[in-house]
Amino acid sequence: MAKVKTSFFCQSCGSQYSKWQGQCTACKQWNTIVEEVIQKPEKSDWKLPASSTNRVSKPLKINEIDSSADARLNMIDNEFNRVLGGGMVPGSLILLGGEPGIGKSTLLLQMALKLPYKTLYVSGEESQKQIKMRAERIQPNSENCYILTETKTQNIFKQVEALEPDILVIDSIQTLHSDYVESSAGSISQIKECTTELIKFAKETATPVLLIGHITKDGNIAGPKILEHMVDTVLHFEGDRNHVFRILRANKNRFGSTNELGIYEMQGSGLREVSNPSEILISEKDGELSGNAIAATLEGMRPLMIEVQALVSTAVYGTPQRSATGFNAKRLNMLLAVLEKRAGFRLGTKDVFLNITGGITVDDPAIDLAVVAAILSSNEDEALQSDFCFAAEVGLSGEIRPVQRVEQRILEAEKLGFSTIFVSKYNKISLKNTKIKIQLISKIEDLVEFLV
Ligand code: TYD
Ligand code: MG
């Protein structure tokens, strides 16, 4: 097969080189030069029937364009549907990234097994037998799911033409290779070329394509940055591998909001949708323990009650230790400084450990007040009432600051049977007849007064 002509381009300034080099001579950036295809052989990889290949698109008035044809495909999985913004759009390309072993293959295989549409699951990572073994753990019977182990795009398209699936799943984009580019699978030019071919296929046949993508050490999807621009939706599957919860988040979505979030629980028989996360994230315990506080946070658009645990103890060895899991350590230091300066607690000689249960990382500032409450409770060794919860940010001068969508948080707390929620006095609340007591506070001293 004829090879394509390739050349090397700087991704930063666009200068062209005949061979690779570490630094771009023009803009002096390092490691920005990558190989790119400059001329493809005439023969196209994805071919449509001759009648439609010469189609030329014409400009249309926006209200003449028929959008009703784009009914979304229901993915059966409620969490996945929500993250996509109500189902999968025909002809769209979805990229799912996540750490190795987090459950990307499991999630998409499970979906392929459940879907009522003809689904082709192409794997370049596992053999058909291995996939069958995994499928047996999840759901052994499916009429519509086809498995193909293949890595060459041209061969995949041949099978697709014969099978005509409604949905195509690729596990993973880094294992694919196209004949038109010489470099090895997983290289930047291969990933780009294979994605381009898949996009062409998806748009021309209106078949949605789900791609699994590996991520690099720093959490980005491996391959060219442009990959994320090329696809319609970028999803991230994250969580702590030692915990059972997994979060599906949209980082980019051309057809919906990126605020939505899906939560799953990894079980022995695949992933279970978690429709009411708050109930699980709060641990069951006998009696009240000091150092625990519940925060009413928001993850995306969903309210989520999260348990914060703190342990304050006298430092035995020299410099006191501060450590936080699931919470920003710098922010913890700031909150400790505020407690020391504004409320007079001598925490400078104490070790402080903080943990967010469930292996979840929270960046909602509304968790501040619960963190402070947990630290106070552990420091005084006195348990908070277990039906208290908190939702406010703490400022540098110890002021309790308002948070967004506080009413939604209050209603969630009420639904879960909390008796009192502590929020900022500066939040505008127009809720009437709530059963839950809304405790308004304005300074950190107010909280200390209530709790200690
Ligand atoms: P996998 O989907 O292979 O991860 P990825 O494709 O993101 O690399 O997930 C593998 C992990 O999931 C593995 O550690 C075992 C676990 N698992 C379960 O706990 N239950 C199950 O039913 C399955 C299929 C996997
Ligand atoms: Mg996998």
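Trainee: Which residues point one way from S5, and which the other way?
Mentor: This is a predicted model, where local features need pLDDT of at least 70 and side-chain atom pairs count only at pLDDT 80 or more, while totals for chains, interfaces and linings use all residues. Residues are numbered from 1 along each chain as its sequence is written, chains are lettered from A and ligands numbered from 1 in the order in which they are written, and side-chain values use heavy atoms, with hydrogens and water left out. Strands (E, at least two residues) and helices (H or I, at least four) are DSSP runs numbered from the N terminus. In S5, one side takes Thr119, Tyr121 and Ser123, and the other takes Leu120 and Val122.

Trainee: Why is S5 largely enclosed by the rest of the structure?
Mentor: Buried means under 20% relative accessible area, exposed over 50% and partly exposed in between, with a 1.4 Å probe and protein chains only. S5 spans residues 119-123, and it is largely enclosed because the number of its residues that are buried is five of the five.

Trainee: Which strands pair with S5 in the parallel sense?
Mentor: Two strands count as paired if DSSP finds at least two bridges between them. Five parallel bridges join S5 to residues 145-149, where Ser123 has Thr149 as its bridge partner. Another five parallel bridges join S5 to a second strand, in which Val169 stands opposite Tyr121. The partners are S6 and S7.

Trainee: Is Ser172 buried or exposed?
Mentor: Ser172 sits in the loop between S7 (167-171) and helix H6 (188-205). Its C-alpha is 6.3 Å from that of Leu211, although the two are 39 residues apart along the chain. With a relative accessible area of 0%, Ser172 is buried.

Trainee: Which residue takes a positive phi in the hairpin of S1 and S2?
Mentor: S1 (residues 5-10) and S2 (residues 16-17) pair in the antiparallel sense over two bridges, and Phe8 stands opposite Tyr17. Five residues lie between these strands, and the one with a positive phi near 90° is Gly14.

Trainee: How far apart do the C-alpha centres of domain 1 and domain 3 lie?
Mentor: The chain is assigned domain 1 (1-40), domain 2 (76-275) and domain 3 (280-451), with bounds that come from an automatic or database domain assignment. Its C-alpha trace spans about 80 × 55 × 50 Å along the principal axes. Between the centres of domain 1 and domain 3, the separation is 52 Å.

Trainee: Which helix gives the largest share of the largest nonpolar core?
Mentor: A nonpolar core is a set of buried Ala, Val, Leu, Ile, Met, Phe, Trp, Tyr and Cys residues joined through side-chain atoms within 4.5 Å. The largest one has 46 residues, and Val308, Leu369, Val371, Ile375, Phe390 and Leu447 touch the most other members. Elements that each supply at least two residues include strand S14 (302-314), helix H9 (329-343) and helix H12 (444-451). The largest share is eight residues, from H10.

Trainee: Which strand gives the most to the lining of the largest pocket?
Mentor: On a 1 Å grid over the protein atoms alone, a pocket is an open set of points with protein on both sides within 12 Å along at least five of seven lines, a cavity is a set where a 1.4 Å probe fits but cannot get out, and lining residues have an atom within 4 Å of a point. The largest pocket has 25 lining residues, and Glu238, Arg249, Glu299, Thr361 and Asp363 are the closest to its centre. Domain 2 and domain 3 each contribute at least three residues to the lining. Two elements, S10 (245-253) and S13 (292-299), give two or more residues, and the one that gives the most, with three, is S10.

Trainee: What volume does the largest pocket have?
Mentor: A volume is the space filled by probe spheres set on the points, which are joined across faces, edges and corners. For the largest pocket that comes to about 570 Å³.

Trainee: Which helix gives the most to the lining of the largest cavity?
Mentor: The whole structure has two cavities of 30 Å³ or more, and the largest holds about 50 Å³. Among the residues lining the largest cavity are Leu376, Ser377, Glu380 and Val452. With three residues, the helix that gives the most is H10.
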